[in-house]
Structure formats: C-alpha cells, structure tokens
Amino acid sequence: MSLDTYVKGTQCWFTDEKEGWISATLSTKDVAADGKVTLTFVDDNGKDHVFSSTVAKIKETNDGNLPPMRNPPLLEGTEDLTNLSYLNEPAVLSNIKTRYSHCNIYTYSGIVLIAANPFARVNLYSQDIIQAYSGRRRGELEPHLFAIAEDAYRCMIRDEKNQTIVVSGESGAGKTVSAKFIMRYFATADDSESSENSTKAGMSETEEQILATNPIMEAFGNAKTTRNDNSSRFGKFTEIQFDKERNIIGAKIRTYLLERSRLVYQPELERNYHIFYQLVAGAPPSEKKELDLQSIQQFHYLKQGGVQTINGVDDAAEFEITQRSLSTIGISVQVQWYIFRLLAALLHIGNIQVTGRMDSVISDDDPSLIIASKVLGVPASEFKKWLVKKQITTRSEKIVSNLKPDQSLVVRDSVAKYIYSSLFDWLVNNINASLSSEAIASKIHSFIGVLDIYGFEHFKKNSFEQFCINYANEKLQQEFNQHVFKLEQEEYVREKIDWKFIEFSDNQPCIEMIEGKLGVLSLLDEESRMPSGSDQGWCNKLFTQLGTEKHKK
C-alpha cells in the first residue's frame with residue numbers, strides 16, 4: 001500500500017471498543033504543501049475517524065502506519081485467507097467472522113486450517129461427509145478437518161514420509177474434538193488410493209480400539225475448566241500406524257505434562273478429572289458402600305471448585321462408556337475395578353485430617369486413613385507414620401523427625417499425585433501394548449501423527465504444569481511463524497518476487513526469557529539444587545535477572 005492508493009471511497013479499518021474493529025470510508029484526503037497528511041473517514045454510524053501524519057513519516061515507516069485497508073466485498077468470506085488482497089489483522093478476523101455467520105466454521109490459511117468453535121453440535125462429521133472427502137484433493141470441497149486428514153494421508157503415500165497434524169490453540173477452542181474427528185476419519189474412511197467415494201464395510205478390531213482410546217483418555221485426563229467443559233489437561237501425540245498396503249495396523253500414544261496438581265486442587269467453578277465424578281455417580285450400590293462413595297460433597301478433592309455436574313453430561317452414563325472402552329482395549333473387568341478402587345483410595349487420602357500446632361498429628365481412628373490404607377493394601381500405622389514424619393539418611397545413621405502440619409498436607413497431596421500420575425502412565429502403556437504389539441513392529445511402514453496439546457491458559461492461580469504447557473504453546477507459535485511467515489517470505493526474496501514483508505509478532509524474546517541461560521527454568525533449576533533453596537530465593541533471582549523494562553513488554 002502507498003498513500004496514492006488511498007482515494008475517496010477507500011474503505012479501511014479502525015479500532016473500536018465494542019466491535020474490536022469497525023469499517024470506515026474515506027471521505028476527504030488533504031496533503032498540504034508542508035507535507036502534512038490528513039485523511040478523514042466516516043463509519044456506518046456517521047462517526048468520523050481522522051488519520052494524521054506526514055509524507056516523510058509515512059515513507060520512513062514504509063507506509064506501515066496507514067490505516068489497514070478493507071478487502072473488496074467479492075473477496076470477503078473467501079475459503080482461503082491467502083486469496084485476500086489485503087492480509088491484515090482486521091481483514092483476517094472479518095473474513096473468519098463472515099464465514100462463521102454463514103455457519104462455515106473452517107477457513108484455510110495456506111497449509112493451515114483455522115477452526116472457529118461453534119459451541120453447538122453441528123452435522124459436519126457424519127459418515128456421508130467422511131465418504132465425500134475420502135480420496136478428494138484439498139480445495140475440491142469446502143474447508144474441513146477431513147480435507148486436512150486426507151491431505152496428510154495422500155502426502156504420506158506420495159512422498160513416502162511420515163506426516164503430523166498439529167492441533168493447537170487456546171483453551172476451549174475445540175482442539176480435543178478436532179483431534180478426535182481426525183482420528184475417526186482415518187479409522188473409518190476408505191484407505192484405498194482410489195478417488196472413488198467409497199467407505200469400508202466395517203472397522204477392523206484395531207480401528208475400533210483406536211477410537212476407544214478417546215473416551216478413556218478423556219475420562220482420566222480431561223476436566224471441566226472455566227473455559228471448557230471437556231478440557232484436556234495433558235498433551236497427547238497419537239501415531240496412526242500403517243503397513244505397506246496403507247492399512248491401519250496399530251497406534252501408539254505419547255502423553256506430556258499431565259496436570260497432576262488438578263487432582264488435589266481445582267480453581268473456582270472447575271472440576272477434578274472426569275473419572276472421579278463418573279465413579280461416584282456410576283458405581284454399583286455394593287461398591288459404593290464398600291468404598292464409602294456417598295457423594296461428591298463428601299470429598300475434599302472433588303468439591304473445591306464448587307461444581308459437581310456439567311450441563312448436558314450424565315456422569316453415570318459416561319462411566320459405562322469408559323468401562324466399555326476399557327474392555328475394548330483388552331483391560332478385564334477385574335482389572336478395571338482394581339483401577340476404580342485405587343481412584344476411591346485417592347479420594348479418601350484427600351480426606352485424611354492432619355492436626356497439631358507444631359508437630360503433625362493424624363488420629364489412628366481417622367476413617368479416611370483406614371479405608372485408604374485398606375484399599376491400597378498397606379498398614380495404616382506405616383502409612384500414617386510417613387505422612388507425619390520424614391527420614392534423612394546419612395552415612396552412619398537414619399534420622400527421623402516430625403513434620404509440621406502444613407508439611408504433612410504437602411506430603412499427603414504429593415502421595416496422591418504420584419499414585420495418580422503412575423496410574424495414568426500405566427494406563428497409557430497398556431493402551432500401547434494393546435494397539436501396537438511387538439508382533440506388528442516389523443510391519444509398520446509409515447505413520448500419521450496427531451498432536452493434541454492442551455491450550456494456553458491464565459488462571460488466578462497457575463500450576464507449574466500450566467506454565468510448562470504455555471511455554472510449549474509459545475514454541476508451537478514460533479514454529480508456526482517460522483513456516484508461515486519467515487521461510488515463505490525468505491523464499492520470495494530468493495526468487496526475487498516483488499513482495500512487501502508481512503509484519504508479525506516474533507515471540508523469541510518471550511521464549512528466551514523462559515529457556516535462556518538466566519531464564520525462568522534455569523533459575524528454578526539452580527534454586528532447587530541449593531540446600532537452602534526457597535520460593536523467596538527463586539523470586540528474588542527472577543526479579544533481579546528478569547525484572548527489567550525489556551522483560552515487562
């Protein structure tokens with residue numbers, strides 16, 4: 001853009017407190033002899049928007065401070081943002097909003113698919129639609145998740161290289177649902193290279209097991225947050241494995257950064273992991289009595305957020321689905337109830353009462369201590385002992401000392417978090433053993449990976465796991481910038497294409513602040529290694545090293 005392109009009738013975007021951006025039309029343009037430039041725009045509400053600058057300043061900033069132009073009506077609502085004449089922030093948002101208003105939740109941006117959460121059930125993922133996209137090239141039909149999945153499949157065959165679909169975005173954007181439908185596409189679409197729209201007569205046992213992993217992982221790894229009723233509280237990378245004939249023969253799941261702290265603490269209006277509410281709601285009466293599972297309000301680990309149920313979700317019915325899914329992947333009913341008993345023990349651990357002024361005290365008659373110890377199969381006296389005492393081993397002796405009440409509570413919660421994390425890892429290992437045994441290892445020719453990483457969040461109280469996942473999202477954003485902006489524009493320069501660089505926010509300073517030599521993680525590691533390390537000591541180092549104006553931006 002240049003100043004010459006701004007003529008009477010030109011439409012541009014201006015910021016608006018209510019709408020974010022509002023369109024206005026250029027009514028008068030005045031370029032004075034001294035170089036002063038005044039552009040007056042009028043929006044649909046009759047409000048004036050005046051842009052003032054100088055010719056010299058506009059040239060100095062390479063026209064960067066001129067109001068962003070609006071695209072012609074013919075282009076608004078385009079399926080691919082790369083078709084837009086003017087690719088600026090308000091133009092992109094307006095295009096997505098226009099498509100969304102016409103019930104089109106998907107928009108391409110080159111190799112990227114942008115998905116806007118409809119916050120409602122939509123008929124976009126039926127078997128007929130899967131059939132329509134099977135074997136079709138991207139661009140032949142409307143933008144869709146299935147087009148991306150089919151494109152990955154075709155690239156795997158054509159290039160003979162493994163492919164990965166990255167599903168990222170802020171919390172509540174619909175990542176988990178998107179990843180689930182991508183997996184369903186691979187499991188149910190025709191896997192032949194033919195372009196005919198045909199589907200398989202039925203799923204194989206392996207394909208059914210792959211789909212069964214979704215309700216299991218959601219039950220044990222998802223929870224209600226303020227932004228999302230089914231938020232993934234861990235990252236998941238699923239490999240869909242193919243043989244030489246491009247048939248699905250297995251799958252493998254890798255998980256990252258399970259939010260263990262959620263087990264023992266939930267912010268206001270949030271819940272613990274779904275499986276606990278499913279268990280309390282769906283367990284048979286005899287098991288409820290044996291394990292003393294009376295109600296949600298009974299357990300400290302379940303009632304902190306103040307939310308017991310989710311609108312439209314029947315936890316008892318979901319418990320049945322979880323049980324059927326566990327059976328599908330080969331976990332027997334007997335082993336399932338070992339798992340559920342362990343979950344009940346964790347709830348009772350959270351109810352163990354710690355008292356005392358200086359030294360911790362737990363009553364021998366504490367009902368939660370008795371039930372938890374019985375279910376875990378450990379002596380109650382020993383369990384109690386190591387909740388209220390600590391042992392330091394030296395070369396010559398073992399020193400046992402008492403813990404303070406607040407220290408005992410930390411130990412209690414740490415034990416619960418460790419057990420749940422170990423159970424989660426065991427569950428993933430069993431899923432992998434069922435889906436990708438050693439017998440098929442030699443038959444695996446290629447795979448398509450689906451990465452579902454839980455989203456960026458900012459709570460009143462943020463866990464270390466959430467900090468780590470926010471860091472991971474920053475790295476993903478950097479990868480996106482690298483591919484979509486940096487590499488593509490460098491290619492244009494090499495090919496000597498007349499191209500004006502698109503400005504984008506480079507988040508390298510943010511990443512450097514976290515992972516640099518004197519970054520947040522390095523300073524935390526250093527403080528953790530010191531015998532006298534403390535929270536305050538770490539905070540002091542953070543303010544000393546990172547408390548400058550440079551880092552506040």
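The following paragraphs lead through the structure from its overall dimensions to its sheets, its helices and a few single residues.

The model is a predicted one. Its protein has 553 residues, of which 44% are buried. The secondary structure consists of 19 helices and 14 strands. The C-alpha trace spans about 90 × 65 × 50 Å along its principal axes. Among the contacts with a separation of 6 or more, 59% are made by residues 24 or more positions apart. One pair of residues gives a sense of distance within the model: Tyr492 and Asp406 are 86 residues apart along the chain, and their C-alpha atoms are separated by 61 Å.

A suitable place to begin is the sheet made of strands S1, S2, S3 and S4. This sheet is open, its four strands follow the order S1-S2-S3-S4, and the pairing is antiparallel. Strand S1, residues 11–16, and strand S4, residues 48–54, are the edge strands, since each of them pairs on one side only. On average, neighbouring strands here are turned by 40° against each other, if direction is ignored. The pairing of strand S3 (residues 36–43) with S4 is antiparallel and includes seven bridges. Within this pair of strands, Val37 stands opposite Ser53 of S4.

A second sheet draws on strands from other parts of the chain. It is also an open sheet of four strands, arranged in the order S7-S14-S10-S11, and its pairing is mixed. S7 and strand S11 (248–256) each have a single partner strand, so one side of each is left without a neighbour in the sheet. From one strand to the next, the twist averages 15°.

What does the mixed pairing look like in detail? Strand S14, residues 446–452, runs parallel to S7, and five bridges join the two. One of the residues involved is Val167, whose bridge partner in S14 is Asp452. By contrast, strand S10 (residues 235–242) pairs with S11 in the antiparallel sense, over eight bridges. Here Gly235 stands opposite Tyr256 in S11. Helix H5, residues 175–188, packs on this sheet and touches S7, S10, S11 and S14, and its direction makes about 160° with that of S14.

Strand S7 (residues 163–167) also shows how the two faces of a strand can have unlike surroundings. Its side chains alternate along the strand. Gln163, Ile165 and Val167 point to one face and are buried, whereas Thr164 and Val166 point to the other face and are not buried.

The helices may be considered next. Helix H7, residues 274–282, is mostly covered, with seven of its nine residues buried. The buried residues of H7 are His274, Ile275, Phe276, Tyr277, Gln278, Leu279 and Val280.

How do helix H12 and helix H13 pack against each other? Helix H12 (residues 367–376) and helix H13 (residues 380–388) meet at an angle of about 115°, and their axes are 9 Å apart. The two helices are therefore roughly perpendicular. The crossing in which H12 passes H13 is right-handed. Leu369, Ala372, Ser373 and Leu376 of H12 make the contact with Ala380, Phe383 and Lys384 of H13. Of the residues in this contact, five are nonpolar, one is polar and one is charged. A general property of helices helps in reading such a list: an α-helix has 3.6 residues a turn, so residues three or four places apart point the same way.

Helix H15, residues 464–494, contains Tyr492, and Asn470 is found in H15 as well. Which of the terms buried, partly exposed and exposed applies to Tyr492? Its relative accessible area is 23%, and Tyr492 is therefore partly exposed. Asn470 has a relative accessible area of 12% and is therefore buried. The cut-off that separates these two cases is 20%, under which a residue counts as buried. If neighbours within four places in sequence are left aside, Asn470 is in contact with Gly455, Phe456 and Glu457.

A final residue is Asn222, which lies in strand S8, residues 222–223. Asn222 is buried, with a relative accessible area of 1%. Apart from neighbours within four places in sequence, the residues in contact with Asn222 include Thr176, Met217, Phe234 and His274. His274 has already appeared among the buried residues of H7, and the contact thus links the surroundings of Asn222 to that residue.

Conventions: Residues are numbered from 1 along each chain as its sequence is written. This is a predicted model: local features need pLDDT of at least 70, side-chain atom pairs count only at pLDDT 80 or more; totals for chains, interfaces and linings use all residues. Side-chain values use heavy atoms; hydrogens and water are left out. Buried means under 20% relative accessible area, exposed over 50%, partly exposed in between (1.4 Å probe, protein chains only). Two strands pair if DSSP finds at least two bridges between them. Axes are lines fitted to C-alpha atoms, for helices over the stretch in contact, and angles run from 0 to 180 degrees between N-to-C directions. Angles under 35 degrees count as roughly parallel, over 145 as roughly antiparallel, 65 to 115 as roughly perpendicular and the rest as oblique. A crossing is left-handed if the near helix is turned anticlockwise from the far one by less than a right angle, and right-handed if clockwise. Contact means heavy atoms within 4.5 Å. Ala, Val, Leu, Ile, Met, Phe, Trp, Tyr, Cys and Pro count as nonpolar, Asp, Glu, Lys and Arg as charged, and the others, Gly among them, as polar.
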